[in-house]
Amino acid sequence: MNTVDFDRYDHVRPIRWTGEVLELLDQRVLPFETFYRRLHTFDEVAAAIRDLVVRGAPAIGISAAWGVVLAAKQVSAGDGQAALKQLQPAFDVLNASRPTAVNLAWALGRMRAVLAKSGSDWLSALEQEALAIATEDLAANRLMGRAGAELIDVGSGVLTHCNTGSLATAGFGTALGVIRAGVAEGRIDKVFAGETRPWNQGARLTVWELQEDGIPATLIADAAAAHLMKTGQVQWVVVGADRICANGDTANKIGTYQLAIAARHHGVKVMVVAPSSTVDMDTASGEHIEIEERDPGELLTALGKRTVAEGIVAWNPVFDVTPHDLIDAIVTERGVILSPDETGMRAVFGTP
Ligand SMILES: CSC[C@H]1O[C@H](OP(=O)(O)O)[C@H](O)[C@@H]1O
């Protein structure tokens, strides 16, 4: 088995901290424009998360943490507790920017906890914590990449959905990290990516990231997935997650649920890859997850041009929940849970 050269994949970075401003690679204009937007305030960070300048569960958590640092730079306080009182509105605005990915609340919780126990050095403590959140995410992705790839037999084909690569994380990616490791190790022969309508994360971002790495990939229409499985070209569906509940139910990009149903029908396995920051043991099961609904305009237009007759009504939920019994493996940096259920999740993530 070949080893994984992680440095080969480190060139796409969606989030850059300069010490003064946050720079976000604007994912709305990729792959044809590579443009870092410079943000100076927490309000700008919240808007960037809401408008998908930055997206992907771990990446929005990291960005929100830097948003707190930007807000903190405007505050004068003697210790962390005093700063926390003044920063509460910033925490609230950042937390409300997107509802489904738990990484956002998780990262803000870490920043809040650091403030609560800091003295006069609270600002540098916050900065160090934001950096730690990003550094730990990259390390988790590399671990998960190898752990997930181990489940894949040599000669396999895989299908992925949405974008779970460097763009969605601090680097390397979650599901795309497993695919990178699996290709590097010689296990994966063929990679397919669904377009991921309506925002086209698969078409605009995933196949571009793979092309940058020199990994051949084939784009399919989302509607071609069941046919792809029927023709025997894929053995695994490998996806990320925005929130994994205590029983293993998983919220991910809209369309994941129907992929899992089709996969079960065709004997294709489903792997969910996500860091522990995506695990929400306080939510018992998927029916309690808030599913973000975005502007129906995302469905009615393409590249800013109206493609649907005026007066048509559209509904645009952007996540769905895959029940745990349709998932074969949940891969985290803390452990791999096969045939996940509450017992398996609690064995890795603890009891309440
Ligand atoms: C590495 S998690 C990526 C995760 O984020 C996506 O959603 P969005 O593009 O709307 O932020 C999707 O659910 C992916 O699995």
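Helices (H or I, at least four residues) and strands (E, at least two) are DSSP runs, numbered from the N terminus. The model is predicted: local features need pLDDT of at least 70, side-chain atom pairs count only at pLDDT 80 or more, and totals for chains, interfaces and linings use all residues. Residue numbers start from 1 along each chain as its sequence is written.

**Exercise 1. Place Glu310 in the structure and decide whether Glu310 is buried or exposed.**

Step 1. Find the loop. Glu310 sits between strand 13 (305-306) and strand 14 (319-322).

Step 2. Learn the cut-offs. A residue is buried if 20 or more other C-beta atoms lie within 10 Å of its own, exposed if 12 or fewer, and partly exposed in between; C-beta atoms are placed from the backbone.

Step 3. Apply them. Glu310 has 6 other C-beta atoms within 10 Å, so Glu310 is exposed.

Step 4. Look across to Ala274. The two residues are 36 residues apart along the chain, and 40 Å separate their C-alpha atoms.

**Exercise 2. Describe how the two domains meet.**

Step 1. Name the domains. The assignment gives domain 1 (6-140) and domain 2 (144-349). Such bounds come from an automatic or database domain assignment.

Step 2. Take the centres over C-alpha atoms. They are 24 Å apart.

Step 3. Count the contacts. Two residues are in contact if their C-beta atoms, placed from the backbone, lie within 7 Å. By this rule, 31 residues of domain 1 touch 33 residues of domain 2.

Step 4. Find the elements on the domain 1 side. Helix 2, helix 4 (103-116) and helix 5 (122-149) each give two or more residues. Helix 2 gives the most, with five residues.

Step 5. Sort that side by class. Ala, Val, Leu, Ile, Met, Phe, Trp, Tyr, Cys and Pro count as nonpolar, Asp, Glu, Lys and Arg as charged, and the others, Gly among them, as polar. The side of domain 1 that touches domain 2 has 19 nonpolar, six polar and six charged residues.

**Exercise 3. Work out where the ligand lies relative to the domains.**

Step 1. List the nearest residues. A residue is near a molecule or strand if its C-beta atom, placed from the backbone, lies within 6 Å of it. Of the 16 residues around the ligand, Arg55, Gly56, Ala168, Gly240 and Lys253 come nearest.

Step 2. Name the elements. Helix 2 (57-72) and strand 9 (250-253) give two or more residues to this shell.

Step 3. Sort the shell. Six residues are nonpolar, seven polar and three charged.

Step 4. Draw the conclusion. Both domains give residues to the shell, so the ligand lies between them.

**Exercise 4. Explore the largest nonpolar core.**

Step 1. Define it. A nonpolar core is a set of buried Ala, Val, Leu, Ile, Met, Phe, Trp, Tyr and Cys residues joined through C-beta atoms within 7 Å.

Step 2. Find the best-connected members. Among the 109 residues of this core, Val45, Ala64, Val68, Val178, Val237 and Val238 touch the most other members.

Step 3. Find the main contributor. Helix 2 brings the largest share, 12 residues.

Step 4. Place the core. Domain 1 and domain 2 both give residues to it, so the core lies between them.

Step 5. Zoom in on Ala64. Leaving out residues up to four places away in sequence, Ala64 touches Val45, Ile49, Leu94, Leu104, Ala107 and Leu108.

**Exercise 5. Show how the buried residues of helix 1 are arranged.**

Step 1. List them. In helix 1 (residues 42-50), Phe42, Val45, Ala46, Ala48 and Ile49 are buried.

Step 2. Look down the axis. The arc is that of the directions from the helix axis to the C-beta atoms. The buried residues of helix 1 fall within an arc of 160°, so they line one face of the helix.

Step 3. Name the cover. It includes strand 2 (22-25), strand 3 (36-39), helix 2 and helix 3 (80-95).

**Exercise 6. Find backbone exceptions in the loops.**

Step 1. Recall the rule. Most residues other than glycine have a negative phi, and most peptide bonds are trans.

Step 2. Inspect the loop between strand 5 (188-194) and helix 7 (201-213), which holds Pro198. The bond joining Arg197 and Pro198 is cis, with omega about 5°. Thr196 is in this loop too. Its phi is positive, near 70°. Thr196 has 23 other C-beta atoms within 10 Å, so Thr196 is buried.

Step 3. Turn to the loop between strand 2 and strand 3, where Pro31 lies. The peptide bond from Leu30 to Pro31 is cis, with omega near 5°.
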